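Me: I've got this predicted model open and I'd like a close look at a single part of it. Could you pick one strand and take me through its surroundings, step by step?

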Amino acid sequence: MTLQPKNEFAGSLGGTPTEQLSAKAVEIDVSDVSIVFNSRKGSVVAVDRVSFQVRHGEFVCLLGPSGCGKSTLLNAIAGFERPYDGEVRVLGKAVTAPGPDRGMVFQQPLLFPWKSVRSNIAHGPVMLGKSRAEVAKIADGLIDMIGLTRFADAYPHTLSGGMQQRVSIARALANRPGILLMDEPFGALDAQTRIIMQENLLRLWSEFGTTIVFVTHDIEEAIYLADRVLVMSASPGQILRTIDVGLPRPRSPGLLLEPEFTLLKGECFALIKQQSQLAFEQMGAR
Amino acid sequence: MTEGQRGRLYTTVAILSVPIFLVMWEIVSRSHIVNAVLFPPPTVVAVALWEWIESGQFAVDLLASVARVAAGFVLGSIAGIVFGILTGQFPLFSAFLGPIFHLLRPIPPIAFVPIVILWFGLSESGKIFLVFWGVFFTVWLSAHLGVQKVDRGLIRAAQMLGTPRRRLLGEIIFLGALPYIVVGLRTAVSISFYTLVAAELAGAFSGIVYRIEIAQQNMQTGQVLGGLVALGLISFLADRGFAAVSQRAVWWR
């Protein structure tokens with residue numbers, strides 16, 4: 001499994017308005033967001049007054065125990081969830097619905113089973129009304145990048161989980177979104193595949209310059225990938241601490257053995273351990 | 001007996017089953033145990049069938065019946081799929097139409113024959129309407145359930161990629177539900193033949209079942225049984241044909 005990044009291609013996809021932003025500009029502004037789920041049993045506060053900002057080109061990880069509302073928060077940025085209170089703004093505009101400026105990779109690949117690899121990747125550009133030639137160029141470039149040229153005409157169910165997730169990432173990138181939202185995208189993959197996928201993601205990120213918000217419960221994954229890790233509490237989700245990773249880039253799996261990495265890991269672990277214990281007890285109490 | 005011997009025995013018995021049935025039928029009919037006029041032997045049925053085909057009447061009857069089934073099936077299927085997608089996807093449609101459809105669905109379509117004759121007379125549209133009515137509810141229910149089984153994640157993925165609402169319904173949700181719809185359509189094929197029988201018995205001027213009824217009035221029992229054989233064959237072929245088509249309809253499997 002190899003990803004072959006191609007500089008000319010990533011550039012040739014054409015810039016979105018975000019391209020002109022300076023690296024420090026705030027792209028995502030989550031301010032005082034609370035999300036409440038109503039069910040027959042009553043209301044549950046999933047996210048409790050969360051605020052944070054993500055700058056253009058940044059790689060931010062939301063780290064927290066399961067059920068802490070981190071996916072819900074990501075869904076609010078995507079436009080799938082409406083905040084009960086507060087607001088999510090992308091480039092200054094309030095988010096009200098999902099849109100092609102925010103690509104999303106889900107925990108499951110969620111590829112269209114009736115479409116080939118190429119058609120899955122081409123779906124976004126086709127929907128945006130790109131010409132046939134443009135669509136072909138974008139799809140072929142991305143298929144090349146994720147190293148699935150031989151499988152371009154294959155249907156999703158014939159591919160392994162890791163291959164399907166690569167297609168899913170390519171599909172999300174095909175619209176050249178300014179923001180890529182990733183909801184535990186490697187959670188269902190085996191450990192070896194996950195390491196390779198993480199490395200490839202970092203390479204794609206540096207090629208595309210996309211802003212990434214990445215949800216995970218894996219401490220190592222969060223530190224390895226992110227510029228900043230936002231550690232969340234158990235339900236109701238709040239941001240406990242922001243950890244600036246500050247490890248040099250480009251990063252490779254060897255980083256996991258460095259003392260600086262271990263230190264950060266220890267810091268996160270102490271926070272998460274306590275919260276996981278809480279989350280565990282909450283689940284038992286339910 | 002070894003495994004292989006047993007297998008060969010079963011195959012031989014399966015091949016002989018229909019011929020043995022026909023021979024026994026022939027013997028019983030000709031043995032005066034039963035009234036041969038009421039229960040004609042297969043040879044007489046075969047002759048009746050042959051004369052029916054040779055006279056050219058069979059082609060006319062076949063065409064009339066198949067046209068009714070096809071028109072009713074196509075219209076009922078289209079309406080069933082469209083309404084199934086609407087009620088499956090939009091709770092408001094479901095809240096309004098669901099109770100009405102569930103109220104009408106259990107009424108056997110055949111029971112509508114008297115009122116259909118009053119509404120449409122003995123016209124073709126009345127017969128097509130009956131087939132439509134039988135097909136519609138089955139296809140509607142399968143499309144409705146199929147839409148609800150479509151992974152909500154797929155819809156989110158499509159929305160995230162900028163899929164407009166119309167394409168979402170017509171492509172993502174329709175294709176997502178297609179495996180279920182196809183099962184409903186196949187059930188509807190046999191239902192359309194049941195309702196055809198009712199429609200033609202109620203009054204027609206041609207058709208396979210119409211011919212059976214005329215033959216009965218003329219005491220042509222060979223022709224009656226021949227008509228039943230023809231109806232069984234057509235229904236069987238339609239089902240098999242549809243099974244072959246439906247395999248291809250869900251092309252990505």
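Reply: One term first: two strands count as paired if DSSP finds at least two bridges between them. For example, strand E9 (residues 228–232) of chain A is joined to E10(A) by five bridges, and the two run antiparallel. Within that pair, Val231(A) has Arg241(A) as its bridge partner in E10(A). Keep in mind that this is a predicted model.

The strand I'd pick is E7 of chain A, residues 179–183. Let's start with the sheet that holds E7(A). Six strands of chain A make up an open sheet, in the order E6-E7-E8-E3-E9-E10, with mixed pairing. At the edges sit E6 and strand E10 (239–244) of chain A, each of which pairs on one side only. Ignoring direction, neighbouring strands in this sheet are turned by 15° against each other on average.

Now for the two neighbours of E7(A). On one side there's strand E6 (residues 102–105) of chain A, which runs parallel to E7(A) and is joined to E7(A) by four bridges. If you want a spot to zoom in on, find Met104(A), which stands opposite Leu181(A) in E7(A). The other partner is strand E8 (residues 211–216) of chain A, also parallel to E7(A), with five bridges. Here Asp183(A) stands opposite Val215(A) in E8(A). To get from E7(A) to E8(A), the chain goes through helix H6 (residues 191–208) of chain A, and this β-α-β crossover is right-handed.

How covered is E7(A)? Five of its five residues are buried. In a regular strand, side chains alternate between the two faces of the sheet. In E7(A), Ile179(A), Leu181(A) and Asp183(A) are on one side, Leu180(A) and Met182(A) are on the other, and all of these are buried. So both faces of E7(A) are covered, given that buried means under 20% relative accessible area. A helix lies across this part of the sheet, too: H5 (residues 161–173) of chain A lies across E6 and E7 of chain A and runs at about 175° to E6(A).

Next, follow Leu181(A) and Met104(A) into the interior. Nonpolar side chains tend to be buried together in soluble globular proteins. The largest nonpolar core here has 74 residues, and Met104(A) and Leu181(A) are among those that touch the most other members, along with Val30(A), Phe52(A), Leu62(A) and Leu73(A). The largest share of this core comes from chain B, where helix H8 (residues 165–201) supplies 14 residues. As for Met104(A), its contacts beyond four places in sequence include Leu180(A), Leu181(A) and Asp183(A). Its contacts also include Leu74(A), Asn75(A), Ala78(A), Phe80(A) and Ala172(A), plus Met160(B) from the other chain. Apart from that core lies another one, of 55 residues, including Met145(A), Ala174(A), Phe208(A) and Ala226(A).

Some of those contacts of Met104(A) lead to a second sheet. Leu74(A), Asn75(A) and Ala78(A) touch Met104(A), and residues 70–78 are helix H2 of chain A. The second sheet is open and antiparallel, with four strands of chain A in the order E2-E1-E4-E5. Its edge strands are strand E2 (42–55) and strand E5 (93–94) of chain A. Strand E4 (residues 85–90) of chain A pairs with E5(A) over two bridges, in the antiparallel sense, and Val90(A) stands opposite Lys93(A) there. H2(A) packs on this sheet, touching strand E1 (26–39), E2 and E4 of chain A, and its direction makes about 120° with that of E1(A).

Zooming out to the whole of chain A, there are eight helices and 10 strands. Buried residues make up 51% of its 286 residues. Of the contacts between residues at least 6 apart in sequence, 72% join residues at least 24 apart. The C-alpha trace spans about 55 × 45 × 40 Å along its principal axes. Chain A has a radius of gyration of 19 Å, which agrees with the value near 19 Å for a compact globule with 286 residues.

One last stop, past the edge strand E10(A): Pro250(A) is in the loop between E10 and helix H8 (259–285) of chain A. A cis peptide bond joins Arg249(A) to Pro250(A), with omega at about -5°.

Technical notes
Residues numbered from 1 in each chain as written. Chains lettered and ligands numbered in written order. Predicted model: local features only at pLDDT ≥ 70, side-chain atom pairs only at ≥ 80, totals over all residues. Heavy atoms only, no water. Buried < 20%, exposed > 50% of the residue type's maximum accessible area, 1.4 Å probe, protein only. Right-handed = clockwise from strand over helix to strand, strands pointing away. Axes fitted to C-alpha atoms, helices over the stretch in contact; angles between N-to-C directions. Contact = heavy atoms within 4.5 Å. Core = buried A, V, L, I, M, F, W, Y, C linked by side-chain atoms within 4.5 Å. Rg over C-alpha atoms; globule rule 2.2 N^0.38 Å.
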